[in-house]
Amino acid sequence: ETKPYWVKTSTIPEYRMKLGKLIVSSFIHEPSFTAIFPNIQQRRRILEWAIPKSLEWSLTDSWSLQDPITGQIIGHGAVRPPGRREMRYRDFITSGLWQCPFRFGFTEFHHITDLDQRTRNIQLQEISKDKRFAGGFCELDLVCISPESQGKGIGTRAFQEFLSMIDDEFGVGTIVYTGRASSARFYQKLGFEKMTKLVISIDPGRSEQQITTWTFKRPKPKRIE
């Protein structure tokens, strides 16, 4: 096997550390995150603290894309299956994520959670109108491919396989949202349908800024209906 392949993310600390570095490098220039935290050193510190905790305590199923030649992790995708419970208060405390407002800043943390909640709410409102998703759906999260592997067609092929894997395992449609225009184009290339484009204004202590997020849906393929 010479092409990259997907494996369930290992719980070995060293492996999680490598995966965390990939995710941090992939999301450090996320436009919404950059708008809220303009200082790149601060963004890096926050992500390096938050991503490992999210990987450990997330209620998603996580897969990593392996390069068979180098053995390196070159991609990642997480899936929240239909019916998976929300994070409970006890999880929030035990995981240490309760520290987020103190580490991020209370105003900045409010902007992050508000952006996430508003985007998620409108996404759920729109998906509830589509009968094709009446049986439930998966939610994608932390989807990324290493910068070195981008522009070579690797990501497109790999995530087509990833989606097929999700189809086979869960047999429902998929939804996702992103704050990057490049990712929005990527999801459309993979066959996702655009649901909404949401523009949110924030004022993180400076001049007012606008953050754009896109939400997408992908019905379950005909072949598994």
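A residue is called partly exposed when its relative accessible area lies between the buried limit, under 20%, and the exposed limit, over 50%. Arg 132 has a relative accessible area of 41%, so it is partly exposed. The model described here is predicted.

Arg 132 forms a salt bridge with Asp 130. The closest N and O atoms of this pair are 2.7 Å apart. Asp 130 is buried, because its relative accessible area is 11%. The pair does not stand alone: salt bridges with shared partners join Asp 130, Arg 132, Glu 193 and Lys 217 into one network.

The count of salt bridges comes to twelve. One of them pairs Lys 3 with Glu 161, with closest N and O atoms 2.9 Å apart. This pair links distant parts of the chain. Lys 3 belongs to the segment before S1, and Glu 161 to helix H7 (residues 154–170). The two residues are 158 residues apart. Lys 3 has a relative accessible area of 44% and is therefore partly exposed. Glu 161 is partly exposed as well, at 31%.

A salt bridge also joins Arg 80 to Glu 139, where the closest N and O atoms are 3.8 Å apart. Here too the pair links distant parts of the chain, with Arg 80 in strand S3 and Glu 139 in strand S4, 59 residues apart. Arg 80 has 15% relative accessibility, so it counts as buried. Glu 139, at 14%, is likewise buried.

Strands S3 and S4 belong to an open sheet of seven strands. The order is S1-S2-S3-S4-S5-S7-S6, and the pairing is mixed. Strand S1 (5–8) and strand S6 (193–202) stand at the edges. Each has a single partner strand, so one side of each is left without a neighbour in the sheet. Neighbouring strands are turned by 25 degrees against each other on average, direction ignored. At the S1 edge, four bridges join S1 to strand S2 (residues 61–66). These two strands run antiparallel. Lys 8 has Trp 63 in S2 as its bridge partner.

Helix H6 (residues 106–127) packs on this sheet. The helix touches strand S4 (137–145), strand S5 (173–178), S6 and strand S7 (209–218). The direction of H6 makes about 150 degrees with that of S6.

Phe 106 is found in helix H6. Phe 106 has a relative accessible area of 53% and is therefore exposed. It contributes to a nonpolar surface patch formed with Tyr 89, Ile 93, Trp 98 and Phe 102. Together these residues have about 620 Å² of accessible area.

Two further residues were examined individually. Leu 142 is found in strand S4. Its phi is near 50 degrees, a positive value in a residue other than glycine. Leu 142 counts as buried, because its relative accessibility is 17%.

Pro 81 is found in the loop between strand S3 (73–80) and helix H4 (89–94). Pro 81 has a relative accessibility of 7%, so it counts as buried. Not counting residues up to four places away in sequence, Pro 81 touches Leu 59, Asp 61, Phe 137, Cys 138 and Phe 170. The C-alpha atom of Pro 81 is separated by 9.5 Å from that of Glu 169, 88 residues away along the chain.

Methods
Residues numbered from 1 in each chain as written. Predicted model: local features only at pLDDT ≥ 70, side-chain atom pairs only at ≥ 80, totals over all residues. Heavy atoms only, no water. Pairing = 2+ DSSP bridges. Axes fitted to C-alpha atoms, helices over the stretch in contact; angles between N-to-C directions. Contact = heavy atoms within 4.5 Å. Patch = residues over 30% accessible without salt bridge, like charges linked within 9 Å, V, L, I, M, F, W, Y side chains within 5 Å. Areas by Shrake-Rupley, 256 points an atom, 1.4 Å probe, with all protein chains shown as cover. Salt bridge = Lys/Arg side-chain N within 4 Å of Asp/Glu carboxyl O. Buried < 20%, exposed > 50% of the residue type's maximum accessible area, 1.4 Å probe, protein only.
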